[in-house]
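Here are a few exercises on pockets and a sheet, each with a worked solution. Grab the viewer and try each one before reading on.

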Amino acid sequence: MSGRTLSRIFAVAASLFVGWVAWTQNAPPKLTTNKVTDDLYEIEGDGGNVAVYITSEGLILVDDKYERDHDNIAAEIKNISSQPVKYILSTHYHEDHSGGNAKMLAGGAEIISTAMARKNIVNKVQSNAAITPIPARIVFNDETSVFLGGKEVRAKHYGRGHTNGDAVIYFPALRTVHTGDLMSGNTPLIDYPGGGSVADWPKTLDGVLNGLDFDRVIPGHGPITNKAGLLAYRNNVEKLRNRAQSMVREGKSRDEIAKVMTAEFNWAANGLQMQWSLPGMMTELK
């Protein structure tokens, strides 16, 4: 084999390797499916947690992650059920929960959200969104239900918290709720540009805790938990609110409050809490 031929082989191999590296770097992150019950599954990873409810007439989803996750979500669903997706109940307007709306609509599903979640999408409120999700075509203000294949799923708006249009999704037969980002990770993100409120957040979660009969909780992000876990999260939000309000009314500076939020409530020094939550919190809690 000549040197020129070897050079060409090496060049092709190098090109393929570079292409493979670029593909792996740009490929959507891997998703993981967890079985919750025989007819309810949860898909975690890259964006908000998706719930998949199986009925004899099709699937009901809660949220659909980013647009880039659509094909991986579809692949995960195929391993769960051959039924088509009929409805997606959207917990709120953020791209990591609603970014897949366009492709889901194109596939024949219908999106349902609160009226305020739709309005926030239409008004392009999310400043850091890579794309603007397609807004829901069916909306509600306080409460709605979907009945499919002899099963019921309820969506209810209890008040402001993460945003002004958060929906809690309830599976009554399974004693399970999906909170969206009214429970997310270990510390709250108050989206003041999107109408959120740390002052109202504990009361909003009180509505969930006292108004629904449930044991299991699927949060917006993080592992599945239970009612006690949601109560602990609610209490932490109240603790944060009270701590911040005390400092605001003492006249503490923004930098002083930011340091406490970082040290005591795990806010990232340059994260969205500092951009979206802190300025609004200092105004709301005066």
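**Exercise 1.** Find which helix gives the most to the lining of the largest pocket.

*Solution.* Helix H9 comes out on top, with 3 residues in that lining. Helices here are DSSP runs of H or I with at least four residues, strands are E runs of at least two, and both are numbered from the N terminus. A quick word on the source: this is a predicted model, where local features need pLDDT of at least 70, side-chain atom pairs count only at pLDDT 80 or more, and totals for chains, interfaces and linings use all residues. Residues are numbered from 1 along each chain as its sequence is written, and side-chain values use heavy atoms, with hydrogens and water left out.

Next, the space itself: the volume is about 290 Å³. A pocket is an open set of points on a 1 Å grid over the protein atoms alone, where a 1.4 Å probe fits and protein lies on both sides within 12 Å along at least five of seven lines; lining residues have an atom within 4 Å of a point.

Now the lining of the largest pocket. Asp96, Asp181, Leu189, His221 and Leu272 sit closest to the centre, out of 18 lining residues. Helix H3 (95-98), strand S11 (176-184) and H9 (272-284) each give two or more residues. By class, you get 4 nonpolar, 11 polar and 3 charged residues.

**Exercise 2.** Work out which residues are closest to the centre of the second largest pocket.

*Solution.* Start with the volume, about 220 Å³. Of its 13 lining residues, Ala74, Ile77, Pro84, Val85 and Met104 are closest to the centre. H2 and helix H4 (101-106) each supply at least two lining residues, and H2 has the largest share, with 4. The classes split into 6 nonpolar, 5 polar and 2 charged.

**Exercise 3.** Give the strand order of the 7-stranded open sheet, then place H2 and H5 on it.

*Solution.* The order is S1-S2-S3-S4-S5-S6-S7, with mixed pairing (two strands pair if DSSP finds at least two bridges between them). The edges are S1 (32-37) and S7 (138-140), each pairing on one side only. From one strand to the next, the twist averages 20°.

Look at the S7 edge: S6 (110-114) pairs with S7 in the parallel sense over 3 bridges, and Ile112 stands opposite Ile138 there.

Finally, the helices. H2 (70-80) lies across S1, S2, S3, S4 and S5, at about 150° to S2. H5 (115-122) lies across S6 and S7, at about 105° to S6. Contact means heavy atoms within 4.5 Å; axes are lines fitted to C-alpha atoms, for helices over the stretch in contact, and angles run from 0 to 180 degrees between N-to-C directions.

Technical notes
Grid points are joined across faces, edges and corners, and a volume is the space filled by probe spheres set on the points. Ala, Val, Leu, Ile, Met, Phe, Trp, Tyr, Cys and Pro count as nonpolar, Asp, Glu, Lys and Arg as charged, and the others, Gly among them, as polar.
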